[in-house]
Amino acid sequence: MSKTTKQKTSIPAGAATGRPRSGTGGKDLLDALPWIAPVLALIVGVVFFPAGVMFYNSTRDISQSGIDKGPVGFDNYLEVFNFAYFWPIFGRTIVWVLAVVVLTVLLSLALAQLLNKAFPGRQLVRLAVIVPWAASVVMTTMVIYYGLEPYFGIINKFLVDVGLIDTPEGFGWTRNADTAFAWSIVIAVFVSLPFTTYTILAGLQGVPGDAIEAAKMDGASPSRTYFSIVLPQLRGAISVAVLINIINVFNSLPILKVMTGSIPGYDADTIMTMIFKYIQNQHKLDVASALSVVAFVIVIVIVAIYVKVVKPMKEV
Amino acid sequence: MKKTLRVGAMVATAALATMTLASCGFGGGAGEGGGDASGSAVTLNLLVPSYSDNTQGLWEDVIAGFEDANPDIKVKLEVQSWDNLDSVITTKVSGNQAPDIYNGGPFAGFAADDLLYTTEEVVSPETFSDFQDTFIDNASVDGTAYGLPLIASARALFVNNDLLEQAGAKIPATWDELLESAKKVSALGNGIAGYGMPLGSEEAQAEAAVWLWGGGGTFGDAKTITVDTPENLVGAAFIQKMVTEGATQADAGSTDRSPLMDIFVQGKIGMQVGLPPTVGQIAKGNPDLNYTIAPIPTQDGSALTVGVADHLMAFKNDGTKQEAITKFFDYYFSPEVYVPWVQTEGFLPTTKSGAEQLNGEESLKPFLDALPAAEFYPSTNAKWSATDAAFKALFGQLAQGKDAAGVLAEIQAQSDAG
């Protein structure tokens, strides 16, 4: 609590680099309090309070019907780590995040570059890119899920009709762990594209035209111009997009839940779907809380490493 | 200083995003259950799952009739899908907002936590004695009934006559005959499967019961759960045989029951185990389907069906509504209200008076005939809920080539862990 207050109050000081400081810290804090109090309340309410409850639940024994039976220390954590499939699930989570984020960023870079060119109908194409964002993720996923359904899925039917699949009932894409997971990655990339593309597009608009012109004058090839002039300027945009995507993709449940939900065993699970299985199937709120805390710590570690290494806020 | 701030901000963002999912488990501790009791009126909260498109309307009719007869009692209805039901009730219970009346499957966990009225506390002696004895046994923990058997269903084999005729196969009575007939039907090609085997997470425990019990096994009783036994292994091994010899549809391990039944209704599956409501589903979806309802084949041809009873249960909460709940149950289980309800949903009644009235019903006959041989899940065992979850999560691995004994052992382990 007190740490947050300190961080928050240092905003004006940090932002006002170059101007003389007033020096009376205590009075500053008091003056600032009415302004920052709503934000503080919000942070406490939506971050620290649920996190606290989550941590508290993870150290309790909660019965199947949801009754708190008293403290058990770290037994729930032991159950999480002793679960035979924990490490494969952990590894799959990392693969999931890496694959989705890397593919998303690469595709978005190309797409943003295209949308940044002036061509007839550009507005329409830009609109088309943003439309998937307006649809709910579950809806998008369901459409593809049913498309992949054996017997009546339209994607399967198409693949059968063009002769890529020779069984008349189609292939069980969503019935096998590997293919269901691969399709999930495709969907996750698809739904992450709009945000990422627009973030990068915003970055592209900020690349000064005269810098590119100067490069041209110097006889730089288009690819040289891109890698030496444009890309470095995009650093801010890309690193913010990557950061948000990492958090978002790590915590993404609906796509995998829909796509891999009917597959038995734990061969297509990530940490998030495992939390869901603990809650929904096994009614272990306590163990689910423990795994949530673990997930929370993993995200914080990833973000901390990322911030330390990439320094996304560093000015170019 | 500046750097700390930024790292801090990033971490806060990460935290915020993570919370979105994680806090789903938090049920909200504020508020007491059903607090709008203004004046003398009592409000009963009723939480039910949806059996079909009719369910909500049926309950609304019951409530309207009940409120007319008892103007001082209001009933608040909440309908949830079966998928969500378990998590909704858990969330409500942990948030001290348990409904007064709940329609669900397993009740032993709630009884173990002392949250429920016993059945005799909330129905009149006349209503209580009208329930069929086997169903009351199935609703009892240590001799005390906690659930009111609401509806029953039994299972039977639905057979597509046309497909079997085309393949020159006969309706099977034993496993070996089933394997043979199913392979013949599968050999028709064109995406047609001989036997529809839904081992996906939706209801794997039911298909498991059909096979493991059909081979002489059992899931245990009120005291102990026995999944990992040599008797059960017989059925599990035969499931694998069905799959490897191509008698079933592709990817049996991850196919859910409802979508597979749709494919049976479309006439692309030779045989599949179905429920009483399947009759109505066929009448609606493909009335031209030429089918027979036959007994479930077992290893030696002896009779077997998997009986399932869903229960109504009454939560004690603050203990002030016992009288109102009793009035509601007595009203609901009176034959004039109850029988049309069960009939519309297409299930079997659990009361003696109801069974008498429905005796002449043609489409229910194969199932009523099967009921004497019905075996039930050990749902009065407090570990059943965990066992059920383990079956749903793991049993389908059998069809994915995993070692049968290993799968059973894993289910047993999860069940024992509770």
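Modeller: Before we start, the domain bounds used here come from an automatic or database domain assignment, and the model itself is predicted.

Colleague: Fine, so which domains does that assignment give for chain B?

Modeller: Chain B is assigned domain 1, made of 42-154 + 308-361, and domain 2, made of 156-295 + 382-416.

Colleague: What separates their centres, and how many residues from each go into the contact?

Modeller: Taken over C-alpha atoms, the centres of domain 1 of chain B and domain 2 of chain B are separated by 30 Å, and the contact between them takes 10 residues from domain 1 of chain B and nine residues from domain 2 of chain B.

Colleague: Now Phe367(B): which helix is that in?

Modeller: Phe367(B) lies in helix 17 of chain B, which covers residues 365-370.

Colleague: Buried or exposed, and why?

Modeller: Phe367(B) counts as buried because its relative accessibility is 0%, where the cut-off for buried is under 20%.

Colleague: Which residues does Phe367(B) touch?

Modeller: Leaving out residues up to four places away in sequence, Phe367(B) touches Ala154(B), Arg155(B), Ala156(B) and Phe158(B), and also Gly274(B), Leu275(B), Pro276(B), Val279(B), Ile293(B) and Leu348(B).

Colleague: And where is Gly307(B) relative to Phe367(B)?

Modeller: Gly307(B) is 60 residues apart from Phe367(B) along the chain, and their C-alpha atoms are separated by 9.8 Å.

Colleague: Switching to chain A, what is the confidence like?

Modeller: The average pLDDT of chain A is 87, with 91% of the residues scoring at least 70. Within chain A, confidence is lowest in helix 1 (residues 2-15), where the mean is 44, and highest in helix 4 (residues 86-116), at 95.

Colleague: What about residues 1-18 of chain A?

Modeller: The pLDDT is below 50 over residues 1-18 of chain A, and this stretch has 14 contacts in the model beyond near neighbours in sequence. Where pLDDT is low, the predicted coordinates should not be read in detail.

Colleague: How many helices and strands are there in chain A, and what box do its C-alpha atoms fill?

Modeller: Chain A has 14 helices and two strands, and its C-alpha atoms fill a box of roughly 70 × 60 × 30 Å along the principal axes.

Colleague: What share of chain A is buried, and what does the chain expose?

Modeller: Of the 316 residues in chain A, 46% are buried, while the chain exposes about 16,300 Å², with carbon and sulfur atoms supplying 70% of that area.

Colleague: Last one, how many charged side chains does chain A have?

Modeller: Chain A has 23 positive and 18 negative side chains, and the centres of the two sets lie 11 Å apart.

How values were computed. Residues numbered from 1 in each chain as written. Chains lettered and ligands numbered in written order. Predicted model: local features only at pLDDT ≥ 70, side-chain atom pairs only at ≥ 80, totals over all residues. Heavy atoms only, no water. pLDDT = per-residue confidence, 0-100. Helix = DSSP H or I, 4+ residues; strand = E, 2+ residues; numbered from the N terminus. Contact = heavy atoms within 4.5 Å. Buried < 20%, exposed > 50% of the residue type's maximum accessible area, 1.4 Å probe, protein only. Areas by Shrake-Rupley, 256 points an atom, 1.4 Å probe, with all protein chains shown as cover. Lys, Arg positive; Asp, Glu negative; His and termini not counted. Charge placed at Lys NZ, Arg CZ, Asp CG, Glu CD.
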